[in-house]
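Biologist: Could you take a close look at one part for me, the largest cavity, and tell me which residues line it? I would also like to know how that part fits in with the rest.

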Amino acid sequence: MLIGTLAAVIVKIAFLSALAAGFFYYRTFKLQSNRWLLFARSCYHIAALSLMTASAIFLYLILTHQFQYTYIWNYSSTTLSLPLLISTFYAGQEGSFTLWALYTSIIGLFLMQYASRKDYEPEVMSVYSLIVSFLLLMLVVKNPFAFIWYSFPNDLIQTGPVPAGISNYVMLDAVKNIWARYPVEGKGLNPLLQNYWMVIHPQILFTGFSSMAVPYSLAVAGLLKRDYNSWIRVATPWSVFGSMVLGTGIILGGYWAYETLGWGGFWGWDPVENSSLIPWLLCVASIHTTLTQRKSGAFVKTNFTLSLLTFITVLYSTFLTRSGVLGDTSVHSFVDPGMWVYWLLLGCIVLFAGIGFGLLFMRMKEMPKVPVEHSFISREFALFLGAFALSFVALFVAIGTSSPIITSILKGKASAVEISYYVKTNLPLGIAITFLSGMGQLLWWRHSKTSSLLKSLALPTIAGIVGTLLVLTMGSEEFLILLFTFCSSFSLAANLQVGYGIFMGNPKFVGGSIAHIGIAIMCLGFVTSSRYDEKKTVSLERGKAVEALGYKMTYVGYHPIDNEKYGFNIEVEKGELKKIVTPTMHFSEQTRSTLRHPDLINFLNKDFYVSPVSLEEPSQDNEKSFTLLKGTDVDVADLTVKFVDFDFSNFEKGAMLEGKSFVINVNLEVLEKGKKKQITLKMQNLGGGGPEFIPVTYNSTDNKSYEFRLVRIQPDKEDKSKSQMEFSVKMPQDPSVPQKGETLVVEASVKPMINLVWMGTVTLIVGFALTISRRSEEARAQSERWSKEA
Amino acid sequence: MNVKIIVAAIAIVVGIVLGAVNFLESNVEYTDFAAAERTHKKVQVKGEWVKDKESNFDSQTVKFSFYMKDDSNRIVKVVLDGAKPNNFELATSVVAKGKFVDNEFHATDVLTKCPSKYEGTSEAVQKTL
């Protein structure tokens with residue numbers, strides 16, 4: 001038996017055990033007895049271990065280049081470096097589902113330990129196991145271990161004796177002599193993915209996606225247990241962890257797009273980017289609304305809803321990007337995975353939305369109703385509005401990304417929205433979010449005294465004005481952008497002010513302020529780098545300096561990097577600075593497209609960003625071609641050219657087919673000012689490297705040179721007068737027209753203060769990390785309190 | 001309490017209106033050249049590249065021009081703001097996004113639709129045997 005068959009069986013075992021784990025955990029919860037608990041746990045462990053084993057086998061097959069498997073043949077090859085070879089694990093659909101399922105099942109092992117300490121294990125694990133089992137079902141349907149001969153039976157499966165000399169075959173049926181050949185080389189990894197980002201980015205993104213299943217499971221568990229309040233303390237560390245990891249993944253993807261893919265910016269509002277942003281926004285919104293519930297007990301239903309939606313949108317995002325519904329409306333190519341995956345993903349959404357919201361609806365009536373007691377100027381209200389704005393961003397992004405589906409239902413023809421849609425809808429919300437993220441920190445719970453509020457507002461307002469003025473000096477801009485800048489600077493100062501106070505009191509509690517500082521810095525970076533960037537397309541003729549955006553650029557030539565890829569060296573000068581940037585272009589035979597990679601100079605206060613557009617070779621349009629029948633002539637400038645005959649005297653019959661060397665001559669007669677001259681064009685194959693056409697130069701009496709070259713011959717054996725030939729003539733250069741050299745066209749841009757974006761990101765992640773440690777301590781304290789009470 | 005509900009309701013209504021208006025505005029309609037000429041709005045036109053008519057990239061203006069035949073067989077010169085799109089030679093059909101100006105279609109974007117990646121796989125298998 002082949003090892004892949006075994007692995008596919010192991011995946012099925014994992015699926016069934018996860019399903020069993022879910023069932024027996026649910027029984028444990030229903031019966032309120034631990035009779036089945038150990039069994040349920042073992043089932044979950046079997047599921048996780050089986051999946052780990054199957055993944056290890058998968059990795060082994062990839063590392064040993066087993067192209068008997070369709071997936072490995074499709075995405076891998078023997079020429080990849082080890083890190084890239086490992087990354088082919090998740091380069092395709094089946095593999096990335098495997099990675100998602102694997103990480104989800106591993107996180108489940110930690111969740112199991114955590115939940116059992118918090119007295120939540122049976123409820124949460126019954127839901128979580130069901131999620132794991134559905135992910136595994138995807139692998140049962142879309143088997144990563146499918147054999148290539150079943151994917152291409154017509155090409156690979158054969159009957160009869162195996163010819164000698166073939167070793168790459170597998171006997172399928174020894175009795176009937178049915179066997180299959182398999183490839184010895186893979187198709188290889190898409191060159192677009194062949195860089196170090198591919199090794200790290202999907203791993204982080206999938207860890208983030210996987211951890212989004214936890215808040216959902218805990219919310220459903222809370223509903224099952226009729227625990228409407230303390231579940232949020234159990235869930236918060238996970239929500240913050242998920243937001244941190246997914247956020248890191250999203251921004252790394254942005255950096256990948258900026259630095260390597262040459263999108264020109266860090267965010268392109270592409271469906272793939274958007275679809276990971278939606279759950280992130282909802283998760284962040286839920287972190288905020290749970291804060292209010294901790295304080296006052298309000299927002300019970302909101303918190304359930306947001307936590308449920310976090311995971312449901314992960315499923316919806318997967319559906320958007322993996323089911324093929326977006327079709328051709330994006331730059332990403334979405335492979336149609338077949339009806340099974342489409343319906344399974346749709347079924348998953350319906351099932352998990354049904355479970356979550358069905359339970360929520362059933363329990364709605366018995367939930368505590370907490371009267372809202374806070375005033376307009378209270379932290380609660382700011383948090384509520386902030387979370388509201390975040391959810392609206394998520395909604396708008398979701399609607400924009402789903403546009404092809406919406407329009408195909410409404411208008412019958414799918415069309416995507418313009419990128420301007422996202423900017424227009426989200427900018428007002430961004431203004432609200434940044435303002436509230438500063439204001440909320442300055443306000444007290446329940447109600448703030450106007451006098452103390454005004455006092456604390458002074459510094460942030462001044463900072464806001466200063467920030468706006470600074471941005472104004474970069475060039476005039478529209479009102480909304482300036483307002484956004486004001487609010488971001490305001491939020492930055494407010495959070496610094498509040499954060500400093502908290503840090504002096506209890507440094508552990510400063511996470512929230514730091515995260516807000518990070519967001520404010522990022523938003524300022526968005527404004528400066530994308531709204532005040534300058535862009536110019538420049539044609540650089542080789543060796544000639546061109547001034548653009550204050551930089552002197554000289555294209556000095558190109559060099560091959562590897563066989564299909566070329567680096568184009570551009571000398572960039574500005575004052576003292578002299579640097580070479582090397583954007584690259586890469587014509588990929590595999591994807592049959594040109595890949596363009598930018599290069600940049602990173603200054604402290606800006607990036608100088610150069611992305612290649614095209615290379616224009618010296619123009620060849622002075623070349624003309626002509627077709628002549630035997631015995632006819634044609635006028636070429638001042639000359640008259642006549643096709644006399646073919647000369648096959650150095651040509652053996654069949655030589656061309658057998659790849660032997662041969663020479664075919666074509667005799668032409670050139671008539672110039674009454675004088676005749678013979679020239680002979682040659683088509684020859686000497687080294688066996690294919691036919692060559694040897695150019696012949698003709699110098700006219702007025703000293704112009706014409707270059708003749710044979711293009712094609714069409715001898716007619718029966719009727720020799722029907723023999724044809726095509727030749728081309730390079731006309732003499734007209735010295736009055738200057739000839740253009742090789743020209744590189746690039747798009748140069750300056751992105752002011754883009755480092756703010758990266759700096760803000762790091763700050764945000766630090767803020768998340770501090771919050772995780774604070775909230776998990778709090779969750780620990782809560783469970784200790786419970787066990788004491790018990 | 002009531003004031004807050006009113007504020008929230010207004011926020012929701014404003015949000016939905018804002019979203020809906022932008023959504024409809026930024027959805028670029030699919031039409032043919034004739035309709036594009038009439039509306040002068042930004043539209044998308046699907047068609048084919050007419051290969052035997054000239055196509056040219058001007059490195060000074062950074063514009064790529066080519067001739068395109070739409071689904072109702074009308075041939076129009078398309079001027080794209082940018083370089084020749086990826087996979088242009090291989091494309092079975094192209095979609096140009098832009099406006100009709102003076103007998104020319106000024107495109108801001110040209111998408112190419114290529115034969116499915118999987119169409120030639122049988123050939124690819126043969127190659128790697």
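Modeller: Happy to. One term first: a helix here is a DSSP run of H or I with at least four residues, and helices are numbered from the N terminus. Please also keep in mind that this is a predicted model.

Rolling a probe the size of a water molecule over the atoms shows where empty space is left. Searching the whole structure in this way turns up 2 cavities of 30 Å³ or more. The one you asked about, the largest, has a volume of about 50 Å³.

Its lining is made up of Trp231(A), Ile232(A), Ala235(A), Thr236(A), Ser239(A), Ser286(A), Ile287(A), Thr290(A) and Ser307(A). Helix α11(A) is the main contributor, giving 5 residues to that lining. Two helices of chain A, α11 (231-261) and α12 (271-296), each provide at least two of the lining residues. If you follow the numbering, Trp231(A), Ile232(A), Ala235(A), Thr236(A) and Ser239(A) fall in α11, while Ser286(A), Ile287(A) and Thr290(A) fall in α12. As for chemistry, 4 of the lining residues are nonpolar and 5 are polar, with no charged residues.

The second largest cavity makes a useful companion, with a volume of about 30 Å³. Around it you will find Thr627(A), Arg712(A), Ile713(A), Gln714(A), Gln724(A), Met725(A) and Glu726(A). Here the elements that give two or more residues are strands, β20 (705-714) and β21 (724-730) of chain A. This lining includes 2 charged residues, along with 2 nonpolar and 3 polar ones, whereas the lining of the largest cavity has no charged residues.

Let me return to α12, since this helix also takes part in a salt bridge. Side chains of opposite charge can pair when their charged atoms come close. Arg294(A) pairs with Glu778(A), with their closest N and O atoms 2.2 Å apart. Arg294(A) sits in α12 and Glu778(A) in helix α22 (residues 755-789) of chain A, so by the helix numbering this pair joins distant parts of the chain, 484 residues apart. Over all chains, the search finds 19 salt bridges.

Finally, the partner chain. Contact with chain B involves 52 residues of chain A and 40 residues of chain B. Together the two chains bury about 3,900 Å², 63% of it on carbon and sulfur atoms. Across this interface there are 3 salt bridges, and Glu25(B) with Lys424(A) is a salt bridge at 3.6 Å, N to O. Elements of chain A that supply at least two residues to the side touching chain B include α15 (379-401), α17 (419-442) and β12 (606-616). That side of chain A has 23 nonpolar, 16 polar and 13 charged residues.

Definitions and conventions
Residues numbered from 1 in each chain as written. Chains lettered and ligands numbered in written order. Predicted model: local features only at pLDDT ≥ 70, side-chain atom pairs only at ≥ 80, totals over all residues. Heavy atoms only, no water. 1 Å grid on protein atoms, 1.4 Å probe; cavity = no way out; pocket = protein on both sides within 12 Å on 5 of 7 lines; lining within 4 Å. Points joined across faces, edges and corners; volume = space filled by probe spheres on them. Nonpolar A, V, L, I, M, F, W, Y, C, P; charged D, E, K, R; others polar. Contact = heavy atoms within 4.5 Å. Buried area = accessible area lost by both parts, 1.4 Å probe. Salt bridge = Lys/Arg side-chain N within 4 Å of Asp/Glu carboxyl O.
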